[in-house]
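Colleague: Please take a close look at a single part of this model, namely the places where the chain packs against itself. I would welcome one connected account, with the reasoning behind each classification.

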Amino acid sequence: MSMEDFIVSVSATLESNHSNDELQNELFDLIGFDHFELVSCLLEHRNDIVNNCKVEEYECNQMNVALNNRGYVAGKQMTLPEGVTRKDNKTYEEVSIPVSEPPPLNVGSKLVSIASLDEVGQQAFAGVQNLNRIQSIVFQTAYHTNENLLICAPTGAGKTNVALLTIVSTIRNFIRAEKININEFKVNFSL
């Protein structure tokens, strides 16, 4: 795919009638999760890009990097990070992905205050002042969408509270007249 075709694909994706949440997944498929900041920037400036049909130079450079790292793994097209090594065997393909650089310190530096949550969220997190860094990074998705999440973090990083955010989000969807309709939903949680 040429750079021009790639930009046309991204522009067409941004012009679709899908919500930003749906577009985020499509853009990750197209550009790759390693370019989280680019996807966030594209979604943040979606209207400007669509209206002006213009992509900033920085975004073009990031797209070029993503395009150059495109590959096929198990027959599926994927964007692979730099430094990937691949080894084909008769019965399987081995893909070694190097450890990525840690995110910049400013990612997740703005902690979500429990006081900013609605009443249900405040009750669930009573006694807590703020969500931690990991929880704050995924807060919008965990608390305001039904998107699937895969959280990989060390022990003690706050994964259980991320799960609690999603559970509280589900409960919030089934509150009618200040009553939780427990027969309308099910929550399965396992560690």
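Modeller: Contact is taken here to mean heavy atoms within 4.5 Å. The model is a predicted one, and N130 is a convenient starting point for reading it by that criterion. Once neighbours within four places in sequence are set aside, N130 is in contact with L111, V112, S113 and I114. The last of these, I114, is 16 residues away along the chain, yet its C-alpha atom is separated from that of N130 by 5.3 Å. N130 itself belongs to the loop between α6 (119–124) and α7. Its relative accessibility is 37%, so N130 counts as partly exposed.

I114 leads from this loop to the interior. The largest nonpolar core of the model has 13 residues, and V10, L14, L27, I31, V39 and L42 are those with the most contacts inside it. Two or more residues of this core come from each of α1 (3–15), α2 (20–31) and α3 (36–44). The greatest contribution is that of α2, with five residues. Apart from this core lies another, of 12 residues, and I114 is one of its members, together with residues including F125, V162 and V168.

V162 and V168 recur where two helices pack. Such a pair is described by the angle between the helix axes and by the distance between those axes. Helix α7 covers residues 133–144 and helix α8 covers residues 159–172; their axes come within 8 Å and cross at roughly 25 degrees. Because angles under 35 degrees count as roughly parallel, α7 and α8 are roughly parallel to each other. The crossing in which α7 passes α8 is right-handed. On the α7 side, the residues that take part are Q135, V138, F139, A142, Y143 and H144, and they meet N161, V162, L165, T166, V168, S169 and R172 of α8. By character, this contact is made up of seven nonpolar residues, five polar ones and one charged residue. Arg is classed as charged, so the charged member is R172.

A second helix pair, α2 and α3, permits the reasoning to be repeated in the setting of the 13-residue core. Their axes come within 10 Å and cross at roughly 140 degrees. An angle has to be over 145 degrees to count as roughly antiparallel, and α2 and α3 are therefore oblique to each other. This crossing, too, is right-handed. From α2 the contact draws on N20, L23, Q24, L27, F28 and I31, and from α3 on F36, L38, V39, L42 and L43. The composition of the contact of α2 with α3 is nine nonpolar residues and two polar ones, with no charged residue. L27, I31, V39 and L42, which belong to this contact, are also among the residues with the most contacts inside the core.

Helix α1 also reaches towards this region through T13, which lies in that helix. Leaving out residues up to four places away in sequence, T13 touches L23, E26, L27 and L30. The relative accessibility of T13 is 14%; the limit for a buried residue is under 20%, so T13 counts as buried.

The segment that follows α8 offers a contrasting picture of exposure. N173 is placed in the loop between α8 and β5. With 39% relative accessibility, N173 counts as partly exposed. Its C-alpha atom lies 9.9 Å from that of E184, which is 11 residues away in sequence. Further along, A177 occupies the loop between β5 (175–176) and β6 (179–180). A177 is not a glycine, but its phi is positive, at about 50 degrees. Its relative accessible area of 80% makes A177 exposed. E178 is found in the loop between β5 and β6 as well. For E178, also a residue other than glycine, phi is positive and near 60 degrees. E178 is exposed, its relative accessible area being 81%.

These details may be placed against the whole chain. The protein has eight helices and six strands, arranged along the sequence in the pattern α-α-α-α-α-β-β-β-β-α-α-α-β-β. Of its 191 residues, 28% are buried. Among contacts between residues at least 6 apart in sequence, those joining residues at least 24 apart make up 42%.

Notes: Residues numbered from 1 in each chain as written. Predicted model: local features only at pLDDT ≥ 70, side-chain atom pairs only at ≥ 80, totals over all residues. Heavy atoms only, no water. Core = buried A, V, L, I, M, F, W, Y, C linked by side-chain atoms within 4.5 Å. Buried < 20%, exposed > 50% of the residue type's maximum accessible area, 1.4 Å probe, protein only. Helix = DSSP H or I, 4+ residues; strand = E, 2+ residues; numbered from the N terminus. Axes fitted to C-alpha atoms, helices over the stretch in contact; angles between N-to-C directions. Parallel < 35°, antiparallel > 145°, perpendicular 65-115°, else oblique. Left-handed = near helix turned anticlockwise from the far one by under 90°.
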